[in-house]
Amino acid sequence: MKNILRGIAIILLIVACDANRVYEDYKFIGEEGWHKDSAARFQVPVDSSGSSHNVYINIRNKGNYPNSNIWLFLEIVSPQGKVLTDTVEYILAEKSGKWRGSGIGDLFDNQFLYRKNVHFDESGEYRFAIRQGMRAQQLKGIHDIGLRVEKQN
């Protein structure tokens with residue numbers, strides 16, 4: 001009985017620690033690589049009740065990723081069809097070659113703040129599309145690309 005209660009308490013603690021999460025999802029990039037014309041697409045339901053949000057880009061790369069950085073092209077479409085495009089660069093490895101982020105084996109997980117204190121003007125579904133902006137036709141070594149939206153404290 002103690003083990004069951006302890007398990008329930010741990011689950012509740014984990015859920016409570018992530019209470020600010022509005023949305024989080026990952027898109028798997030296949031072994032063949034991330035084609036320059038292929039977008040990771042996310043549909044994010046947002047309630048614009050006046051709260052501000054933080055938006056994160058999550059990247060899981062393998063140890064065989066050939067670069068220390070990654071350029072991304074973002075397109076964000078509001079429920080009313082307004083389009084915002086952006087280009088961002090994130091650093092995945094130190095100059096010494098050591099991968100940033102947390103890692104298990106040959107997989108490294110990074111969460112980068114894309115925008116802080118975002119006020120969504122409209123309630124509804126926002127569509128995010130993320131494309132790789134590197135020179136490679138097929139960018140190898142990226143395992144997953146993710147998006148997280150959370151309410152700001």
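Contact here means heavy atoms within 4.5 Å. This is a predicted model: local features need pLDDT of at least 70, side-chain atom pairs count only at pLDDT 80 or more, and totals for chains, interfaces and linings use all residues. Residues are numbered from 1 along each chain as its sequence is written, and side-chain values use heavy atoms, with hydrogens and water left out.

**Exercise 1. Take stock of the protein.**
State what share of the contacts with a separation of 6 or more comes from residues 24 or more positions apart, then list the elements.

Solution.
- Step 1. Residues 24 or more positions apart supply 79% of those contacts.
- Step 2. Count the elements: one helix and 11 strands. Both are DSSP runs numbered from the N terminus: helices are H or I with at least four residues, strands are E with at least two.
- Step 3. Read the order from the N terminus: α-β-β-β-β-β-β-β-β-β-β-β.
- Step 4. Of the 153 residues, 36% are buried. Buried means under 20% relative accessible area, exposed over 50%, partly exposed in between (1.4 Å probe, protein chains only).

**Exercise 2. Lay out the four-stranded sheet.**
Find the strand order, the edge strands and the residue pairs of this open sheet.

Solution.
- Step 1. The order is β3-β9-β5-β6, with antiparallel pairing. Two strands pair if DSSP finds at least two bridges between them.
- Step 2. β3 (39-46) and β6 (83-91) are the edges, each pairing on one side only.
- Step 3. From one strand to the next, the twist averages 20°. Axes are lines fitted to C-alpha atoms, and angles run from 0 to 180 degrees between N-to-C directions.
- Step 4. β3 and β9 (residues 124-132) are joined by eight bridges. Phe42 sits opposite Phe128 in β9.
- Step 5. β5 (residues 69-77) and β6 share nine bridges. Asn69 faces Ile91 in β6.

**Exercise 3. Sort the side chains of β3.**
Which side chains of β3 point to the buried face?

Solution.
- Step 1. In a regular strand, side chains alternate between the two faces of the sheet.
- Step 2. Ala40, Phe42, Val44 and Val46 point to one face and are buried.
- Step 3. Ala39, Arg41, Gln43 and Pro45 point to the other face and are not buried.

**Exercise 4. Lay out the five-stranded sheet.**
Give its strand order, and say why one side of each edge strand lacks a neighbour.

Solution.
- Step 1. This open sheet runs β1-β11-β4-β8-β7, with antiparallel pairing.
- Step 2. β1 (21-28) and β7 (102-104) each have a single partner strand, so one side of each has no neighbour in the sheet.
- Step 3. β4 (residues 53-62) and β8 (residues 107-118) run antiparallel, joined by nine bridges. His53 stands opposite Val118 in β8.
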